[in-house]
Amino acid sequence: MEPSQQDTVAQVLHRHAGQAHRLVQILREVQEHTHWLPAPVLEQVAQGVGLGVATVRGVASFYRFFHLQPVGRYHLLWSDNTTDRMLGSRSLAEQLCKALGVQAGAPAAPGALASVGYTSCTGLGDQGPALLLNQQQVLTRMDGTRVQELAQRILAQEPPSAWPEEWMQVEDHVRRADVLLGSPALEGSALRAVRGRGAQATLDELAASNLRGRGGAGFPTARKWQACRDAPLAPGHTRVVVCNADEGEPGTFKDRVLLSRQADTVFEGMTVAARVLGARTGFLYLRGEYRYLLPSLRAVLARRRTHGLLGPRILGIEGFDFDIDIHVGAGAYVCGEESALIESLEGKRGTPRIRPPFPVEQGYLGQPTCVNNVETFCAAAHIALQGSAWWKGRGTAQSTGTKLHSVSGDCARPGVYEYPLGVSVAQVLHDCGAHEPQAVQVGGPSGTCLAAPEFKRRLGFEDIPTAGAFMVFGVQRDMFEVAHHFAQFFAHESCGFCTPCRVGTQLVLRRMDKLALGHGSPWDLHELHALEQLMHGTTHCGLGATATHALRDTLQRFGPAFAARSPQAHLVPGFDLDAELAPARRATGRNDAQAHLDTLE
Amino acid sequence: MKQFFLDGAPVPFEDGDTLMAAATRAGHQVPHLCWHPQLAPSGACRLCTVQVDGRMTAACTTRASEGLEVHNHTPELTALRRQLTQMLFVEGNHYCPGCEKSGNCELQSTAYALGMADMRHDLLMPQRPVDASHPDLWLDHNRCILCKLCLRASRELDGKDVFAIGGYGAHTQLLVNAPDGRLGASALQADDHAAHICPVGALLPKRRGFGIPIGQRNCDTTPPPPLPQDADHGPT
């Protein structure tokens with residue numbers, strides 16, 4: 001190991017006081033200097049934090065953004081959501097690879113200039129196709145011209161700081177604002193309201209508002225806060241407030257916009273929670289794809305400290321000590337699940353925990369921990385300021401207030417739309433200028449796929465709950481392809497912990513691959529149904545249980561798209577004998593017609 | 001004493017017991033591969049999936065509570081468990097006829113008990129290495145079912161830290177804590193609990209092949225009781 005690399009690791013270890021629960025941050029910060037994590041680095045880190053080298057390797061190899069093999073100094077990952085593909089990302093990726101002389105996903109030589117690959121949705125579906133550079137910067141709205149210019153600048157080894165600024169421009173695309181996006185960011189007003197009203201009364205107000213979690217599950221926020229507040233506290237422990245900004249559901253990007261425009265309101269909501277719960281520690285778990293927001297978010301935190309809205313004696317209140325640290329994720333969809341997120345915060349592999357104990361009882365380092373979504377904290381801050389009656393004035397009885405929707409796909413105006421809950425799908429489609437929509441995927445691949453006859457249905461807990469993704473598919477799209485792509489996503493993102501999800505997502509993908517080749521039969525569809533039912537009931541966590549939702553819905557609603565891929569009356573093997581002969585062809589240097597089975601009739 | 005009901009039979013339990021722990025103590029059989037009475041539960045294999053109040057849940061991670069009605073041996077659960085077992089067979093490279101563990105293998109005996117007659121899916125046939133670096137033990141990743149019994153036994157019973165889990169999804173694998181990542185350089189010793197807990201043929205002692213002939217091994221002589229069978233669907 002070069003001395004400089006050793007020094008870098010030592011400095012990072014020192015900055016985190018060699019604490020094992022900082023491991024994910026340590027690995028991320030080291031890799032920002034070293035580009036990848038060679039064995040000597042892992043050994044030095046393991047020694048520094050007092051863990052076995054296998055444990056450190058196990059953590060590093062869990063996260064998609066940690067590289068145990070060399071990557072290029074310019075490491076470019078194409079966002080691979082289905083909406084990116086609809087915008088032509090795959091062909092642009094090929095052009096970029098050709099221009100750079102690399103292969104997508106291929107390992108790079110140590111010290112190589114560039115490498116190119118794919119990654120799950122980076123949260124820029126309203127301005128794709130998008131690229132992630134070295135997991136630190138994003139490039140938006142890629143097209144053929146940009147790809148060629150990008151390749152030239154990389155080949156000239158030009159630093160990204162010299163690239164055109166508009167390449168990295170991220171638009172907020174707020175198309176419809178209501179109370180959350182239309183109000184100025186809260187810089188202490190909600191906290192002063194809490195000071196006046198008191199912690200218990202604030203919690204009562206939140207309960208009266210009937211606010212439900214915006215991350216998808218819809219658990220009543222006040223009940224979660226109450227449970228965390230009531231959990232017994234061990235000596236030396238504190239309650240912990242965590243904001244889940246691991247916005248990994250493909251097609252979702254509304255938290256990105258809140259963190260860009262309303263960061264103060266997010267932190268204000270967390271601080272309100274801290275006051276209600278009596279918490280001293282707070283974390284924002286920022287998904288690795290949003291690393292580019294880190295400097296601005298840190299600046300907001302620093303300003304709030306200066307203004308007495310964070311740190312010791314907030315608003316001058318004796319004993320109200322609370323601060324927020326930002327934990328940057330490293331590419332793992334499953335970390336959106338709250339117990340997996342806590343594992344990741346503790347520097348471990350992000351696999352969901354056994355519950356009970358629930359995080360509100362024993363979460364971060366065994367302490368009562370309240371995890372809420374970015375949007376939930378924003379709503380809570382506004383409710384603390386304006387009261388429950390004001391909030392309930394919007395939405396429906398069961399679904400109070402407003403909800404942000406990330407609209408993308410086949411529409412004229414992709415972006416973020418804030419509506420009172422209960423809005424119809426048709427209304428959103430109309431407002432976003434959808435072109436002849438045949439389907440909408442609400443809530444992302446783990447959500448609900450709706451076909452045209454269902455567009456009168458409403459977005460809300462009474463009808464269709466949603467975490468906020470709204471992907472529009474026009475009549476020209478092949479819904480089998482969409483489902484196939486979602487199957488690829490889940491097979492890629494399964495954490496691997498439990499049998500049904502680890503193996504099931506692979507088996508679903510294999511069947512879908514087989515159908516895509518036209519080798520499907522009714523039996524294959526039967527097997528897809530069986531896998532869907534198995535995974536729905538037997539997985540360890542909710543993500544595995546929802547991994548086949550899109551498959552179930554599309555099978556049900558777009559049967560002809562699947563039937564077209566299943567022309568065989570009887571089961572035919574998925575095994576492709578001709579493809580298996582490829583090594584023999586390579587060995588013999590043959591690729592003529594006679595060396596292929598299908599020409600040997 | 002508090003009790004819950006397993007297929008109608010009362011099962012006494014103590015506070016903090018899981019369904020699995022209490023049922024096992026009372027002499028009931030709930031199929032499992034990753035659970036062990038001496039180790040903290042994992043919940044990974046899902047073979048012990050039972051039905052409680054119409055919901056499916058893993059018996060090894062679900063706490064017992066008074067009066068709970070738990071369904072364990074039903075045709076529906078047998079079918080689900082068989083599918084899970086088939087998944088484990090399909091995922092690795094399990095060739096019983098050539099495996100020293102045959103007849104003593106939990107995966108194999110579970111498959112028999114569940115009436116598994118085929119693999120159902122195409123084999124994934126992963127390419128996995130064999131680690132023969134240890135003087136007394138060998139580790140065949142082809143047969144590993146990621147139950148983590150060795151990992152937990154090493155930490156909880158042996159006070160060592162020989163194993164870890166690496167990768168994700170299809171790439172999930174057992175890692176060995178050693179500079180070169182191989183068993184020979186690890187702290188594992190032949191008399192460790194971790195060296196004897198593998199339910200399949202992934203971690204086995206060397207130089208002890210076929211000491212008991214096949215046909216006279218544990219699962220050969222005391223086969224698990226047959227479970228209620230469902231109609232085994234197959235392509236026709």
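In this predicted model, the radius of gyration of chain A is 25 Å, which agrees with the value near 25 Å that a compact globule of 601 residues would have. The C-alpha trace of chain A extends over about 85 × 65 × 45 Å along its principal axes. Of the 601 residues in this chain, 55% count as buried. Contacts that reach far along the sequence are well represented: when pairs at least 6 apart in sequence are considered, 71% of the contacts in chain A join residues at least 24 apart.

The secondary structure of chain A comprises 26 helices and 14 strands. The chain is divided into five parts, namely domain 1 (3-60), domain 2 (74-168), domain 3 (175-392), domain 4 (402-475) and domain 5 (480-563). Between the C-alpha centres of domain 1 and domain 5 of chain A there is a distance of 37 Å.

A helix pair in chain A offers a convenient look at packing. Two packed helices are described by the angle between their axes and the distance between the axes. For helix 10 (residues 199-209) and helix 11 (residues 221-230) of chain A, the angle is about 145° and the axes are 8 Å apart. On the helix 10 side, the contact is made by Leu203(A), Leu206(A) and Ala207(A), which meet Thr221(A), Ala222(A), Trp225(A) and Gln226(A) of helix 11. Sorted by class, this contact has five nonpolar residues, two polar ones and no charged residues.

Several backbone details of chain A also deserve a look. Most residues other than glycine have a negative phi, and most peptide bonds are trans. Two successive proline positions depart from the trans form: the bond from Arg355(A) to Pro356(A) is cis, with omega near -5°, and the bond from Pro356(A) to Pro357(A) is cis as well, with omega near 0°. Pro356(A) sits in the loop between helix 15 (338-345) and strand 9 (369-373) of chain A, and Pro357(A) is placed in the loop between helix 15 and strand 9 too.

Positive phi values in residues other than glycine occur at His35(A), with phi near 70°, and at Leu315(A), with phi near 55°. His35(A) belongs to the loop that lies between helix 2 (23-34) and helix 3 (39-49) of chain A. Are the surroundings of His35(A) such that the residue is buried or exposed? His35(A) is buried, because 20 other C-beta atoms lie within 10 Å, and 20 or more is the cut-off for a buried residue. Leu315(A), in the loop between helix 14 (294-306) and strand 8 (323-328) of chain A, has 15 other C-beta atoms within 10 Å and is therefore partly exposed.

Turning to the interface, 34 residues of chain A are in contact with 34 residues of chain B. On the chain A side, the elements that give two or more residues are helix 4 (53-60), helix 19 (479-493), helix 20 (499-516) and helix 21 (522-538). Helix 20 of chain A gives the most, with eight residues. By class, the chain A side of the interface divides into 16 nonpolar, 14 polar and four charged residues.

In chain B, strand 1 (residues 3-6) ties together a small set of pairings. In a regular strand the side chains alternate between the two faces of the sheet. Along strand 1 of chain B, Phe4(B) and Leu6(B) point to one face and are buried, whereas Gln3(B) and Phe5(B) point to the other face and are not buried. Strand 1 runs antiparallel to strand 2 (residues 9-12) of chain B, and four bridges join the two. Within this pairing, Phe5(B) stands opposite Pro10(B). The hairpin of strand 1 and strand 2 of chain B has two residues between the strands, and Asp7(B) takes a positive phi near 50° there. Strand 1 also pairs with strand 5 (residues 69-71) of chain B, here in a parallel arrangement with two bridges, and Phe5(B) stands opposite Glu69(B) of strand 5.

Elsewhere in chain B, Ile214(B) is found in the loop between strand 10 (203-205) and helix 5 (218-221). With 14 other C-beta atoms within 10 Å, Ile214(B) is partly exposed. Leaving aside residues up to four places away in sequence, Ile214(B) touches Ser102(B), Gly103(B) and Asp220(B). Ser102(B) and Ile214(B) are 112 residues apart in sequence, yet their C-alpha atoms are 7.1 Å apart in space.

How values were computed:
Residues numbered from 1 in each chain as written. Chains lettered and ligands numbered in written order. Predicted model: local features only at pLDDT ≥ 70, side-chain atom pairs only at ≥ 80, totals over all residues. Domains from an automatic or database assignment. Buried ≥ 20, exposed ≤ 12 C-beta atoms within 10 Å, placed from the backbone. Pairing = 2+ DSSP bridges. Contact = placed C-beta atoms within 7 Å. Nonpolar A, V, L, I, M, F, W, Y, C, P; charged D, E, K, R; others polar. Axes fitted to C-alpha atoms, helices over the stretch in contact; angles between N-to-C directions. Rg over C-alpha atoms; globule rule 2.2 N^0.38 Å.
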